[in-house]
Amino acid sequence: MRRGAEFALAVRRGTRAGRPLMVGHLLVRQDAQQSAQHRQEPARVGFVVSRAVGPAVTRNRVKRQLRALMRGYLQSLPDGSLLVVRANAAAAHASHPDLAADLDSVISRLLRRQVGARVGNAS
């Protein structure tokens, strides 16, 4: 995702799930509201890593790690859905396996709440 309006839509209307290292917001558009365009486009993911996480080098490292981990989950997200992953300040000092575990937990909770699906570690 790149547009602020999409981030705001996912955060305001989507389902929220949090862990110590991150918070996720997932908006799955309903079939009745969904146009043919949204059904054919893939799920989109956006990351929010604020200055609270640390200096630019740290924020970029966290974003790179989250992007790499997220690639394993893209196929499990419903088409046309919007996912926002916001890193908490604790993510700056977290190990890669800890980030992976929290991301897995957040995505599993969100999918279970929105579409009733179970997802394991897809990476």
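Strand β2 sends its side chains two ways: Met 22, Gly 24 and Leu 26 point to one side, while Val 23, His 25 and Leu 27 point to the other, and all of them are buried. In a regular strand, side chains take turns between the two faces of the sheet. Since six of the six residues of β2, which spans residues 22-27, are buried, the strand is largely enclosed by the rest of the structure. All of this is read from a predicted model, not an experimental one.

What, then, does β2 pair with? One partner is strand β1 (residues 15-18), which runs antiparallel to β2 and is joined to it by four bridges. Getting from β1 to β2 takes a hairpin of three residues. Within this pairing, Val 23 of β2 sits opposite Gly 18. Strand β4, covering residues 82-87, is another partner: it too pairs with β2 in the antiparallel sense, here over six bridges. At Leu 27, the bridge partner in β4 is Leu 82.

The surface has something to show as well. Four arginines, Arg 16, Arg 86, Arg 112 and Arg 113, form a positive patch there. Arg 16 falls within the residue range of β1 (15-18), and Arg 86 within that of β4 (82-87). Arg 112, for its part, belongs to helix α4, which covers residues 96-114. Is Arg 112 buried or partly exposed? Its relative accessible area is 41%, so Arg 112 counts as partly exposed, a label for values between the 20% and 50% cut-offs.

Key. Residues numbered from 1 in each chain as written. Predicted model: local features only at pLDDT ≥ 70, side-chain atom pairs only at ≥ 80, totals over all residues. Heavy atoms only, no water. Buried < 20%, exposed > 50% of the residue type's maximum accessible area, 1.4 Å probe, protein only. Pairing = 2+ DSSP bridges. Patch = residues over 30% accessible without salt bridge, like charges linked within 9 Å, V, L, I, M, F, W, Y side chains within 5 Å. Areas by Shrake-Rupley, 256 points an atom, 1.4 Å probe, with all protein chains shown as cover. Salt bridge = Lys/Arg side-chain N within 4 Å of Asp/Glu carboxyl O. Lys, Arg positive; Asp, Glu negative; His and termini not counted. Charge placed at Lys NZ, Arg CZ, Asp CG, Glu CD.
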